[in-house]
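Trainee: Hi! Could you walk me through this structure?
Mentor: Sure, take a look first and then ask away.

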Amino acid sequence: MIFRPKRGNVIFDIEGRWIKILGEIVPETAYWFNKFLYNINVRDYAPVHVLIDSIGGDAEAGFLIHAILLSSIAPVITVITKKAYSTAF
């Protein structure tokens, strides 16, 4: 099931094990990213796909997303679908 929060700029599918970051990275992006990855990591160790199409944004939110990725017990595969500027890189 694909989930798109009412606020924020992420789309994710826990069963499909992917998350897509769209547009500007804001603190809500980091919140939803953390929520997604927590739910994935309690399930199993299969790879997780992170799809990025972003112009960058808030540096603090970007560093938080980076820290969340580093703490994942599941392997993470990142794919830039269109662009990854500034913080998104």
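Mentor: What follows is a chat about the helices, the strands and a few single residues.

Mentor: A word on the source: this is a predicted model, where local features need pLDDT of at least 70, side-chain atom pairs count only at pLDDT 80 or more, and totals for chains, interfaces and linings use all residues. Residues are numbered from 1 along each chain as its sequence is written, and side-chain values use heavy atoms, with hydrogens and water left out.

Trainee: Thanks! How many residues does helix H1 have?
Mentor: Helix H1 covers residues 27-41, which is 15 residues. Helices (H or I, at least four residues) and strands (E, at least two) are DSSP runs, numbered from the N terminus. From first C-alpha to last, H1 reaches 21 Å, close to the 21 Å expected at 1.5 Å a residue. That expected span is 1.5 Å times one less than the number of residues.

Trainee: And which residues of H1 are buried?
Mentor: They are Thr29, Ala30, Trp32, Phe33, Phe36, Leu37, Ile40 and Asn41. Buried means under 20% relative accessible area, exposed over 50%, and partly exposed in between (1.4 Å probe, protein chains only).

Trainee: Why do they line one face of the helix?
Mentor: Seen down the axis of H1, the buried residues fall within an arc of 165 degrees, so they line one face. The arc is that of the directions from the helix axis to the C-beta atoms. In general, an α-helix has 3.6 residues a turn, so residues three or four places apart point the same way. On the other side of H1, Pro27 and Tyr38 are exposed.

Trainee: What about H2, which residues are buried there?
Mentor: In H2 (residues 59-70), the buried ones are Ala61, Gly62, Ile65 and Ile68. Their arc is within 120 degrees, so they too line one face of the helix. E3 and H1 are among the elements that cover these buried residues. The face turned away carries Glu60, Phe63 and Leu70, which are exposed.

Trainee: Switching to the core: which residues have the most contacts inside the largest one?
Mentor: Phe12, Ile19, Phe33 and Phe36 do, in a nonpolar core of 21 residues. Such a core is a set of buried Ala, Val, Leu, Ile, Met, Phe, Trp, Tyr and Cys residues joined through side-chain atoms within 4.5 Å. E2, E3, H1, E4 and H2 each supply at least two residues of this core, and H1 gives the most, with six.

Trainee: Now the strands. In which sense do E4 and E5 pair?
Mentor: E4 and strand E5 (residues 76-84) pair in the parallel sense, over six bridges. Two strands pair if DSSP finds at least two bridges between them. Histidine 49, for instance, has isoleucine 77 in E5 as its bridge partner.

Trainee: Is serine 54 buried or exposed?
Mentor: Serine 54 is buried, with a relative accessible area of 0%. This serine sits in strand E4 (residues 48-57).

Trainee: Last one: what is the phi of arginine 17?
Mentor: Arginine 17 has a positive phi of about 60 degrees although it is not a glycine. Arginine 17 lies in the loop between strand E2 (10-13) and strand E3 (18-25), and is buried at 10% relative accessible area. Serine 86 also has a positive phi, near 50 degrees, but serine 86 counts as exposed at 60% relative accessibility.

Key. A crossover is right-handed if, with the strands pointing away from the viewer, the path from the first strand over the helix to the second runs clockwise. Contact means heavy atoms within 4.5 Å.
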